[in-house]
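Here's a quick tour of the ligand site, the metals and one more pocket. Have the viewer open while you read.

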Amino acid sequence: MRHRCASVLVVVAVAVSLTGAAVVSASLQRAHVAGSLAADLDRIGTTAARLHQQQDRLALGAEVAPDEVMGLNRELSDELAEVTPEVGDLDPALQALLRTSAAPVVAPSSPGDPGVRSTEEFRGALDAAKARARSEADAAFRRAQVLLWVMTVVVLAIVLVLGVRVNGLVRVAVRRPSRTADGHLWARVAHDDELLLVYHADLRGLRYVSPSIERVLGFPLADFAIDPDPRRFLVEEDLQAWNDAVAATTSEPGGHRRVTVRARRLDGSELHLEADVTNLLDEPGVAGVAINARDISSRVHLEADLAHQATHDALTGLTNRLQFTHEVNAVLADTEDHAEVAIVLLDLDGFKEINDSLGHGAGDDVLVTVAARLATLSRRRDCVARLGGDEFAVLLVGDHAEAVAQRIVEALAEPIELVEGPVTVGASAGVVVADAGSTVASLLRDADAAMYDAKRRGRNRVSVFEPAMHDELVERMQLRSELDAAIASEAFTLVYQPKLGLEDGSVEGFEALIRWPRRDGSVTAPNDFIPIAERTGQIVPIGSWVLRTAVAQLAAWQRQLPDGASLTMAINVSTRQLSAPGFVDEVRRVLVGNRVEPTAVTLEITETALIGDTDEAVAVLSALRGLGVRIAVDDYGSGHASIAYLRRLPVDVLKIDRSFVAALDERTDEAEGYLRSITELARTLRLDTVAEGIEHEHQLDQLRALGCSSGQGFHLARPLSPEAAERFLSGRRRLDAA
Ligand code: C2E
Ligand code: MG
Ligand code: MG
């Protein structure tokens with residue numbers, strides 16, 4: 001009923017428009033004809049005036065030939081005919097006038113002619129005709145104007161009625177906005193880049209597809225007339241989400257859902273659509289489920305980029321620490337048997353040295369190479385992460401974690417080709433296998449304990465976590481914070497172990513050895529905290545304190561004790577101190593500040609710390625020697641430094657490792673052979689030798705026989721407090737005097 005009414009209105013509107021247009025057009029034509037007639041008459045007037053002048057000229061001439069007059073008349077007739085070609089359109093009086101136009105003009109030459117008109121008569125007729133034509137043109141134009149107004153008003157009225165009554169979609173557009181989730185449906189319907197789809201009430205297919213589908217998805221609109229199925233563009237995996245949203249909205253009057261799905265254009269390229277599904281089943285004009293969808297691909301890609309940045313390490317592209325913990329959580333939640341979940345934690349050995357000596361660019365290249373090797377060794381399901389610095393982790397699912405860790409450690413031991421040349425880093429790996437109570441935090445903590453254990457046992461090793469390691473870890477962490485407090489309050493002491501000349505038993509000097517007295521009265525030995533302090537970097541402030549204290553003690557003894565001037569002091573230095581900026585300056589300042597001769601101080605660096613060390617270490621040692629300070633290789637023989645390497649090092653003293661001296665107890669040729677070759681090597685390289693750990697008289701005898709110049713050991717003297725050291729010195733003198 002409503003539709004019929006609308007149809008009638010449409011017909012009326014069309015009829016009114018057509019009739020109106022016809023009438024207006026007729027009136028305008030009339031106005032035009034009358035207007036152009038007035039213009040023609042103007043031109044006739046001008047022509048006639050010209051002819052009258054000619055006629056006057058002829059009339060004045062005495063000898064005017066009659067055929068000349070005829071010729072003039074014909075000329076006028078022709079010209080008038082040309083001016084007003086549609087003579088039939090003119091008013092009858094004027095027509096008559098024109099037909100006889102030739103006669104009146106030449107009237108004076110042909111008296112008695114019945115059609116004769118005077119010039120005045122002709123002009124009067126012409127002016128009257130012109131006035132009539134003009135007023136007719138004006139009237140016709142006014143009529144057309146009035147008609148046009150009337151017609152516009154009628155058509156507008158009809159359009160207004162139609163706007164409210166007819167097309168259901170338009171009606172939705174006008175009324176729906178306030179009820180849709182984010183408004184302005186009309187704007188969206190009209191928007192070029194949006195799709196509007198309307199499902200049939202029974203969801204059997206699309207009833208309406210907006211033409212914008214051609215722009216958005218590249219499908220010809222006609223395709224949907226044949227097969228109105230959205231599956232033609234929806235990516236199969238997302239079809240369910242789409243259908244669910246449509247179904248859920250359908251069951252809820254006035255309901256709305258928003259769903260994001262992937263779609264495929266006709267050319268196969270993928271895009272992301274954000275679709276607003278709105279239940280308009282109750283809207284008479286629509287009676288369906290309407291979907292407004294728009295392409296949000298660029299937003300999705302941007303979001304994906306941001307998410308990637310938030311979850312990945314920028315340098316290596318591996319998962320970052322935060323995301324790694326999420327992944328571990330997810331795997332723990334998804335895996336019934338936790339024993340299948342394992343973490344391998346890796347810490348590079350020697351990375352810091354590469355970074356310090358070759359620069360951060362080289363360091364970055366090493367990290368990228370390590371990341372690539374880890375990615376190659378892991379399977380798709382494994383998650384490889386860079387946790388920070390030179391620490392990496394792999395999350396594994398399966399029962400082969402230790403074997404994977406072993407393969408990783410082997411792969412990372414292979415040299416890495418840098419622009420600067422090949423370098424070798426190793427890795428220490430800690431493996432932990434999850435159990436029922438595991439959490440991300442507990443797994444990472446235990447993997448760290450295992451990794452630390454691997455590091456402690458030497459480079460390129462794998463350790464699998466055991467509960468005992470945990471206790472060590474706790475202890476270590478506690479120790480670390482207690483060390484911080486001890487550094488702040490300088491709660492360390494030094495003991496001094498005498499070094500004697502083996503030939504004459506004279507006291508050459510002392511080696512400063514650190515001790516850490518604890519609150520419970522116990523004393524912690526350096527081996528129990530120096531390695532930790534080296535790992536944490538705490539060795540740098542500790543080492544500074546040792547240097548200041550030992551040099552000050554030497555200065556005091558040199559000044560206060562009789563014969564003290566020749567005393568020397570050996571100070572142990574860690575490689576972390578050597579690579580700390582400003583170490584050489586620090587040594588110089590301490591020496592100058594205490595007015596101590598640099599040659600009286602020997603810095604001891606253990607052989608293992610020197611091995612594999614870089615040119616930078618050599619440069620620092622040379623600079624120290626440049627100050628006049630002596631350099632000793634401590635524990636020589638324990639680290640298998642090659643002779644070639646030793647030659648390169650700027651050193652003055654070899655301190656023979658305790659194990660060689662101890663081996664003399666076996667009284668074998670082999671033990672003696674080793675010692676002989678070391679002392680000979682030292683002689684060849686012009687280095688002094690100091691034997692460590694002399695505990696027995698026979699060792700002393702043998703070392704003396706081998707030509708070893710100096711020695712230390714419990715048999716000679718234990719490490720002593722400053723007071724005991726002073727007593728030791730004065731006792732020796734009494735002994736000498738005796
Ligand atoms: P080291 O420099 O080789 O010092 C000699 C170590 O051997 C000392 O242990 C000393 O007490 C011990 N010793 C001396 N004579 C004998 C002996 O006849 N038999 C046995 N079994 N041992 C003997 P200490 O004081 O426990 O120091 C251990 C290591 O800790 C040192 O080895 C040194 O590498 C390091 N250290 C000590 N003090 C410092 C320090 O101030 N700075 C640094 N960086 N390291 C230090
Ligand atoms: Mg030493
Ligand atoms: Mg030593």
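## Polar contacts to ligand 1

A polar contact here means a pair of N or O atoms within 3.5 Å. Keep in mind that this is a predicted model, so every distance below is computed from predicted coordinates.

With that cut-off in hand, start at Arg658: one of its polar side-chain atoms sits 2.7 Å from an oxygen atom of ligand 1. Arg515 also puts a polar side-chain atom by a ligand oxygen, at 2.9 Å, and for Glu511 the corresponding distance to an oxygen atom of ligand 1 is 3.0 Å. Taken alone, ligand 1 would expose 780 Å², and the protein buries 86% of that.

## Who makes up the shell

Which elements give two or more residues to the shell around ligand 1? They are strand S14 (507–517) and strand S18 (630–636). S14 gives the most, with four residues.

The whole shell counts 21 residues, and the closest are Asn572, Asp634, Arg658, Glu695 and Phe714. Sorted by class, the shell has eight charged, seven nonpolar and six polar residues.

## The magnesium ions

Asp634 turns up again at the metals. Protein donors of the magnesium ion (ligand 3) come from Asp634 (OD), Asp635 (OD) and Glu692, the last listed with two OE entries, and they lie 1.9 to 2.7 Å from the ion. Along the chain, these donors follow the spacing D-D-x56-E.

What does Asp634 bridge? It links the magnesium ion (ligand 3) and the magnesium ion (ligand 2), which are 4.0 Å apart. Asp634 lies in strand S18, while Glu692 is in the loop between strand S20 (688–691) and helix H27 (697–706), so the pair ties together parts that are 58 residues apart in sequence.

## The second largest pocket

Now for the second largest pocket, which holds about 310 Å³ of space. It is lined by 15 residues, and those closest to its centre are Glu475, Arg476, Leu479, Asp528 and Ile532.

Three helices each supply at least two residues of this lining: H16 (440–456), H17 (467–489) and H18 (530–536). Which of them gives the most to the lining? That's H17, with six residues. By class, the lining of the second largest pocket has seven charged, five nonpolar and three polar residues.

Note on methods
Residues numbered from 1 in each chain as written. Chains lettered and ligands numbered in written order. Predicted model: local features only at pLDDT ≥ 70, side-chain atom pairs only at ≥ 80, totals over all residues. Heavy atoms only, no water. Near = heavy atom within 4 Å. Polar contact = N/O pair within 3.5 Å; in protein donor to acceptor, adjacent residues only side chain to side chain. Areas by Shrake-Rupley, 256 points an atom, 1.4 Å probe, with all protein chains shown as cover. Nonpolar A, V, L, I, M, F, W, Y, C, P; charged D, E, K, R; others polar. 1 Å grid on protein atoms, 1.4 Å probe; cavity = no way out; pocket = protein on both sides within 12 Å on 5 of 7 lines; lining within 4 Å. Points joined across faces, edges and corners; volume = space filled by probe spheres on them. Donors = N, O, S within 2.8 Å, 3.2 Å for Na, K, Ca; no water.
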